[in-house]
Amino acid sequence: MLYETLAKALDTADPELMASVYHDDFEALFHSSGKVMTKADMISPDAIGWISTMTIEKMRCIYENDDILVVHNFVTYASGNQDAVMAVYLKKDGLLWRVESGATPMNS
């Protein structure tokens with residue numbers, strides 16, 4: 001399934017591998033800012049640079065089928081802040097098409 005490829009792409013911050021999991025019409029909605037990121041945004045040098053500074057731990061696939069992928073992990077950012085992140089990806093043509101996520105700050 002697609003989870004293993006996504007996990008490796010995030011772990012390695014490999015732009016070609018990242019591009020291989022996203023549909024050309026991919027959109028990520030950030031509720032905190034209202035910003036929408038596209039496939040091009042996700043594989044841009046800025047995004048790849050940001051991803052490479054994060055530490056992703058305990059990433060696990062909650063559920064995956066032909067239509068959806070649900071992932072949970074803990075992310076530690078370069079600032080030292082840590083979030084628990086739940087992401088729900090909708091799939092189209094076997095690729096990640098839409099994602100919405102929720103993050104819970106883990107720092108006290």
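**A buried glutamate, a set of strands and a pocket**

Hi everyone, let me start with one residue: E64 is buried, with a relative accessible area of 16%. We call E64 buried because the cut-off for that word is under 20%. Please keep in mind throughout that this is a predicted model.

So where does E64 sit? E64 is part of strand β3. And what does the side chain of E64 contact? One partner is K91, whose side chain makes a polar contact with the side chain of E64 at 2.6 Å. There is also a backbone partner: a polar atom of the E64 side chain lies 2.8 Å from the backbone nitrogen of L2.

That second contact takes us to helix α1, where L2 is one of the buried residues. The others in that group are Y3, L6, A7, A9 and L10. If you rotate the helix on your screen, you can see the pattern: these residues span an arc of only 165° around the axis, so they sit on the same side of α1. What do we find on the face turned away from that buried side? There we meet K8 and D11, which are exposed. Here is a handy bit of background for reading such patterns: an α-helix has 3.6 residues a turn, so residues three or four places apart point the same way. Before we leave this helix, look just past its end, where A13 takes a positive phi of about 55°.

Helix α4 gives us another example. A47, I48 and I51 are buried there. Looking down the axis of α4, we find these buried residues within an arc of 95°, so they line one face of the helix. On the other side of α4, P45 and D46 are exposed.

Now, back to the strands. Strand β3 pairs with β4 in the antiparallel sense, over seven bridges. For one such pair, find T55, whose bridge partner in β4 is T76. The two strands form a hairpin, with three residues between them. Follow T76 to the next strand and you reach Q82, its bridge partner in β5. β4 and β5 also run antiparallel, joined by nine bridges. They too make a hairpin, this time with five residues between the strands, and G80 in the turn has a positive phi of about 95°. How much of β4 is buried? Seven of its nine residues are, which leaves the strand mostly covered.

Over at β1, the partners are β2 and β6. β1 pairs with β2, residues 36-38, in the antiparallel sense over three bridges, whereas β1 and β6 run parallel and are joined by four bridges. L29 is a good residue to click on here: its bridge partner in β2 is V36, and L29 also stands opposite E100 in β6. The hairpin of β1 and β2 has six residues between the strands, and in it G34 takes a positive phi near 80°.

A short word on phi. Most residues other than glycine have a negative phi. With that in mind, have a look at K58 in strand β3, which has a positive phi near 55° without being a glycine. D93, in the loop between β5 and β6, is not a glycine either and has a positive phi of about 55°. Are these residues buried or exposed? K58 counts as exposed at 66% relative accessibility, and D93 counts as exposed at 66% as well.

Last stop, the largest pocket, with about 690 Å³ of space. Its lining has 30 residues, and those nearest its centre are F30, W50, Y77, V85 and S101. Several elements we have visited each give two or more residues to this lining, including α1, α4, β1, β3 and β4. Which element gives the most? β6 does, with five residues. As for the kinds of residue, the lining has 22 nonpolar, five polar and three charged ones.

That's my tour, which began at E64 in β3 and ended in the largest pocket, where β3 helps with the lining. Thanks for listening!

How values were computed
Residues numbered from 1 in each chain as written. Predicted model: local features only at pLDDT ≥ 70, side-chain atom pairs only at ≥ 80, totals over all residues. Heavy atoms only, no water. 1 Å grid on protein atoms, 1.4 Å probe; cavity = no way out; pocket = protein on both sides within 12 Å on 5 of 7 lines; lining within 4 Å. Points joined across faces, edges and corners; volume = space filled by probe spheres on them. Nonpolar A, V, L, I, M, F, W, Y, C, P; charged D, E, K, R; others polar. Buried < 20%, exposed > 50% of the residue type's maximum accessible area, 1.4 Å probe, protein only. Pairing = 2+ DSSP bridges. Arc of directions from axis to C-beta. Polar contact = N/O pair within 3.5 Å; in protein donor to acceptor, adjacent residues only side chain to side chain.
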